[in-house]
Amino acid sequence: MKKTDIKNFVQILKDTYPDATCSLDFKTPFQMVVAVMLSAQCITKTISGCKKERGRLVFKDRFQKDFTVKNNCDYCYNVIYNTSPLMLLDQKQEIQELNPKTLRLHFTIEEADQVQRILDLYETVFIKGAKSIEVNEDFTRGHFKRGIK
């Protein structure tokens, strides 16, 4: 777009929506940039209106899988969690070839029993040295095999 087209477009928006305000809270331009970068169009605000209360909700995707959404009202953004835990048990050799000093497991929305099962599985493979282990629940490898650029 040319600068004149942009100016015309902005003027049309101002004329069409004269009372429009920014729903993101900010005090400095830097806070505004960060808020815009983090904003994922708050699902709670879109569905039922913002109550400025942190919380969780669940929505279904087109495959009827439940996604947990954690909202952060301080900065008006959401974190949408994968329906399946990240599981790299079958990637032990590749992980060891990376020669990490430590392995960290990060839990977010898992229930206590699921956390314990995952800890037990990782202990069996990475500490007790099991070659392979069968996992009978849904999981993802995230970006591990696809790589991150």
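# Notebook: Glu-110, Ser-84 and the core

**Entry 1, Glu-110.** I began with Glu-110, which counts as partly exposed because its relative accessibility is 21%, and partly exposed covers the range between under 20%, which is buried, and over 50%, which is exposed. I note at once that the model I am reading is a predicted one. I found Glu-110 in the loop between α4 and α5, and I saw that its side chain reaches the backbone nitrogen of Thr-108 at 2.7 Å. I then looked up Pro-85, which lies 25 residues from Glu-110 in sequence, while the C-alpha atoms of the two are 8.3 Å apart in space.

**Entry 2, the whole chain.** Before going further I stepped back to the overall plan, and I listed five helices and three strands, which follow one another from the N terminus in the order α-α-α-β-β-β-α-α. The protein has 149 residues, of which 21% count as buried. I wrote down an accessible surface of about 12,200 Å², with 55% of that surface belonging to carbon and sulfur atoms. For contacts between residues at least 6 apart in sequence, I noted that 48% join residues at least 24 apart.

**Entry 3, the hairpin.** Next I followed strand β1, residues 55–60, and strand β2, residues 66–72, which run antiparallel and are joined by six bridges. To have one bridge to look at in detail I picked Val-58, and I found that its bridge partner in β2 is Thr-68. Five residues lie between the strands of this hairpin, and there I noticed that Gln-64 takes a positive phi near 65°.

**Entry 4, Ser-84.** Is Ser-84 buried or exposed? I recorded Ser-84 as buried, because its relative accessibility is 9% and the cut-off for buried is under 20%. Ser-84 sits in a loop, the one between β3 (77–80) and α4 (92–97). Leaving out neighbours within four places in sequence, I listed the contacts of Ser-84 as Lys-65, Asp-138, Phe-139 and Thr-140. With Asp-138 there is also a polar contact between the two side chains, at 2.5 Å. I also checked Arg-141, which is 57 residues from Ser-84 along the chain, and the C-alpha atoms of these two are separated by 9.4 Å.

**Entry 5, the aromatic pair.** I found one aromatic pair in the structure. The partners are Tyr-122 and Phe-126, and I call the pair stacked because the ring planes stand at 10°, with the centres 5.7 Å apart, and planes under 30 degrees apart count as stacked. Both residues belong to helix α5, residues 112–127, where they are four residues apart, about one turn of the helix. I checked their accessibility as well, and both Tyr-122 and Phe-126 are buried.

**Entry 6, the nonpolar core.** Which element gives the most to the largest nonpolar core? I first wrote out the 10 residues of this core, which are Met-87, Leu-88, Leu-89, Ile-95, Ile-118, Leu-121, Tyr-122, Val-125, Phe-126 and Val-135. It is α5 that gives the most, with five residues. I noted beside this that in soluble globular proteins nonpolar side chains tend to be buried together. Last, I took Leu-121 from the list, and I saw that, not counting residues up to four places away in sequence, Leu-121 touches Met-87, Leu-89, Ile-133 and Val-135.

Conventions. Residues are numbered from 1 along each chain as its sequence is written. This is a predicted model: local features need pLDDT of at least 70, side-chain atom pairs count only at pLDDT 80 or more; totals for chains, interfaces and linings use all residues. Side-chain values use heavy atoms; hydrogens and water are left out. Two strands pair if DSSP finds at least two bridges between them. Helices (H or I, at least four residues) and strands (E, at least two) are DSSP runs, numbered from the N terminus. Buried means under 20% relative accessible area, exposed over 50%, partly exposed in between (1.4 Å probe, protein chains only). Contact means heavy atoms within 4.5 Å. A polar contact is a pair of N or O atoms within 3.5 Å; within protein, one must be able to donate a hydrogen and the other to accept it, and residues adjacent in sequence count only if both atoms are side-chain atoms. Rings of Phe, Tyr and Trp (its six-membered ring) pair if their centres lie within 6.5 Å; planes under 30 degrees apart count as stacked, over 60 as edge-to-face and the rest as tilted. A nonpolar core is a set of buried Ala, Val, Leu, Ile, Met, Phe, Trp, Tyr and Cys residues joined through side-chain atoms within 4.5 Å. Accessible areas come from the Shrake-Rupley method with a 1.4 Å probe; for residues, only the protein chains shown count as cover.
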